[in-house]
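Thanks for making time this morning. I would like to walk through a few local features together, so please have the sequence and the structure open as I talk.

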Amino acid sequence: MWTTGGYLSLLVEREEHLRAFGGHLDRLARGTGGTVVVSGPVASGRTRLLREFLSDVAERGTPGGELEGVLVLTATGTPATSGLPFEMLTPLLAALPLPADLHREVEALVAAGGELRPEDASLAHRVADAVLALTADQPVVLAVDDAQDGDELSLRCLAHLARRLVAARMLLAVAVRTGTGYHGPMHAALLHEGFGNGHRLGPLSERGVTALVADRLGRAGADRVAAECFALTGGNCLLVNAVLEDLAARAGGLPLQRGARLSVGEAYGRAVLSCLDRGGEVSRRTAEMLAVVGDWPASVLAEKLGVHERNVLDAMAALESVGVLSGRDFRHPVAQGAVLAGLTESGLAELHLWAAARLQQGDGSIEEVVDHLLAAGQVRDQESISLVQCVAERALIADDVDRAVRCLRLAAEHCADDRQRTAVIARLASVVWRSSTVTVAQRHLCVLVQAMHDGTLPTAQVPAVLRYLLWHGRIEEATDVMGGLSAGGAAAACVESLQWWLRHSYPSVAARVPTRPDGVDAPDVTPGTAGAHREMAARVVGAVLGGGDPGEVIVAAQHVLQSCALDEDTIEILVTSLLSLTYVDRLDLARMWCDDLVACAHRRRAPTWAAVLTAVRADIALREGDLAGAIRFARSALEMMPVPGWGITIGFVRAVLVAAHTHMEEHEAAAEELRQPVPEGMYESRFGLHYLFSRGQYYQAIDRPYAALTDFRACGELLANWDMDVPGIVAWRSAAAQCYLTLGQHDEARELAEEQRALATGPLSRPAGQALRVLAATVPAVQAITLLDQAVSAFTLSGARKLLAQALLDLGGAYHELGDDTKARMTLREARRIAKECQARGLERELPFQRPVEEQSPSSWPRHSEELSEAERRVATLAADGHTNRQIADKLYVTVSTVEQHLTRTYRKLGIGRRSDIGTALSLRMVRAV
């Protein structure tokens, strides 16, 4: 239960001091005066104790009281007026019946101000004597708070009074704040006169804090949080109450829950600042410097503050005594934050710049120097700019992208040299690109393009700027930039090194790259550099687009993937190598490498890289027939990088989503993707090619063969114009041939299929399998079986499971047409299983038998758990090839009886009853195994 606190909070561990004050008043009532000094740090309760004392005086001074008629005088010192003569006592003196000439002298001195004269000390003594004379008629109590901030004449007056009070009916009670350094001889004299009657107030003990907390929260609440509260406040009453105020605000007046912890906030921060404001200028500035620089030597802080080292040490001790510091560390980050927030922006920047300069002069680390420069938001010299750039590169090595961006932005803002500034902005853009391509386009790209035109952009950054322009579909602008490069120049050579990438992703732009003049050799490339990696990528692309041997492509692509670490210079190289593996049907290798690279991109805190690689992973899943996986990866890529950030590459992601939804017969979802706007320039890139092909597949699925044929033919024209008509990239011919089959134009379908088969990189490649499916649809069933068997093998080896299900479906239909229902059922059962795994719902509904497969006799299906032995497999393979039992026995050097026994077990394990079904059953078992 929460209470508001009250009298108890004023008296915790102060009862003894109140009793001592009462004793002094008892002696005053008997005619004996004296001096009482109450000292203590900020927020130790001096003022409250003094007020409690004055309340007791007022109570005793009532009619009939032991101090009836007592004259109570009060004064308070303030730092702002500590240099003005008699300023602390002037209000008090003006109300006293002092001699008129004495009043005039005091008023004249106050009005004159300025330096004190030796004769002014005698005036202080005469004022003290006049005040002391008042005790002849009545007892007098003079209470002075914050005497440490009193002016010198007022303190002289009080000291003179204190020396003469033993035989007078006057009690002088003085409250002095300690921990504020040296205060001069009068201050020391005053404390000396109160020696023996002094009351030193310290912070509350842990037991006292517990009592104070219990007064607010109850005993149960105190048991839970009192120890932590003491650790946070050091026993400072002001801070304790602030912590409890924050706790009450957080709890909303509800009872404190079991296990609750203190959570300091606004009230605590205000209380810390209040302690600093009341602690004096040196204490406040010392706290500010400690908040900025931490545990630096007191001598260094004193040098900056322009005071003696002893003053700084006193200030630190005072800050620890009031519970703000523990040693030289702030007790809580909120305290440090409050101190920093109390500084002006310029004041904070000035301190950080001073700290950075001091560290540079000494043995401070580069990281520490730059931390202060970042906090200041300013860099004042070229050396500091170089340090900031160095730390940015260090941060990138550690993948601390945020720190690198902050450093580079600071360097860019304060570079005086245009070329250096452009270089820094270019580097900044490459770092920001990791997380926000939109930011690069909005903030940096125009500057970099202008710098390219002006000739101030570093040559090495020219390719990056072209990549940014092309990514965002600014094709004409990129072309204009390339047209302005002098042939044979260094910048043109850099762009020429990207020819492979342009040819693969932006083929319409590749032809516009300036050609190297005759007689000019290509620049030498150092192994392990970006240039060497680009040369390797060029070999990969050349092998793919040139229709080279798939083995050569696989070796070259893996060489790249094993040699290149993921960074801003290699992301396109790695993506191209991954896609090249998919073009030659090594989806297994592409998947493995892509998963590793996606994980690496996440570790390196590069959402853009991760999104692009995840989009490639979606394409791999689509080619494998993992339709749900393709959608999942594509959606994940869009979550990593919102649509505006994709530029024209969004066509690649949309293509995967359209195709996957189409194959899953989610036609409305596919249509929704197609309704989304696409950027200009997309159709001049490979990404537009994929988008066209997927749209054609959608039209084909919803029975719009002419619309589909238009898109497929458009794909063919683009590929031909770009000189990259490779069926592994987009098998547009087999797709168009399917449209011709739907329209009954078998000759056109056959012609396209034969073309694709001839262009395929091998007889068992995925494009070859697609062509074989089309050809099988144009011949009688007995001929189709041979073609479809080859297609099944092609799709099995290439890992294209959705295409495999289609080929098995066609093969089962051919068996059914020939009346061989046993082979048909076995084949269709496998087709249905794969189609279900791929979630290709349309294929599941195309099975030609009315009776569901699950209703067939279980004995008629193969039991996959029963594997053939090696001897059984050899016998079955020879039997499938048409050998008789005797021929098999002779070949294997066994008896005919042994062959018959092996065949009997083979029939049982494969779930067949005829010798002619062995070949089909073995093929289906291989399909499942692969």
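How many of the 16 residues of H36 are buried? In this predicted model, the count is 13, so H36 is largely enclosed by the rest of the structure. The helix itself runs over residues 686-701, and from its first C-alpha to its last it reaches 23 Å, which is close to the 22 Å expected at 1.5 Å a residue. If you follow the chain just past the end of H36, you come to Asp703, which takes a positive phi of about 65 degrees.

Let me turn now to helix H20, residues 418-432, where the 15 residues should span 21 Å at 1.5 Å a residue, and the end C-alpha atoms are indeed 21 Å apart, which agrees. H20 is mostly covered, with 11 of its 15 residues buried, and among them are Gln420, Arg427 and Ser430 as well as Val424, Ile425 and Leu428. The cover over those buried residues includes helices H18 (382-397) and H19 (401-414), together with H21 (437-454) and H22 (462-471). At the N-terminal end of H20, Asp417 acts as a cap, with a side-chain oxygen 3.2 Å from the backbone nitrogen of Arg419.

My last stop is Arg766, which lies in helix H40, residues 766-776. Is this arginine, Arg766, buried or exposed? Its relative accessible area is 7%, and because buried means under 20%, Arg766 counts as buried. Leaving aside residues up to four places away in sequence, Arg766 touches Thr582, Asp585, Arg623, Gly728, Phe795, Ser798, Ala800 and Leu803.

Definitions and conventions
Residues numbered from 1 in each chain as written. Predicted model: local features only at pLDDT ≥ 70, side-chain atom pairs only at ≥ 80, totals over all residues. Heavy atoms only, no water. Helix = DSSP H or I, 4+ residues; strand = E, 2+ residues; numbered from the N terminus. Expected span 1.5 Å × (residues − 1). Buried < 20%, exposed > 50% of the residue type's maximum accessible area, 1.4 Å probe, protein only. Contact = heavy atoms within 4.5 Å. Polar contact = N/O pair within 3.5 Å; in protein donor to acceptor, adjacent residues only side chain to side chain.
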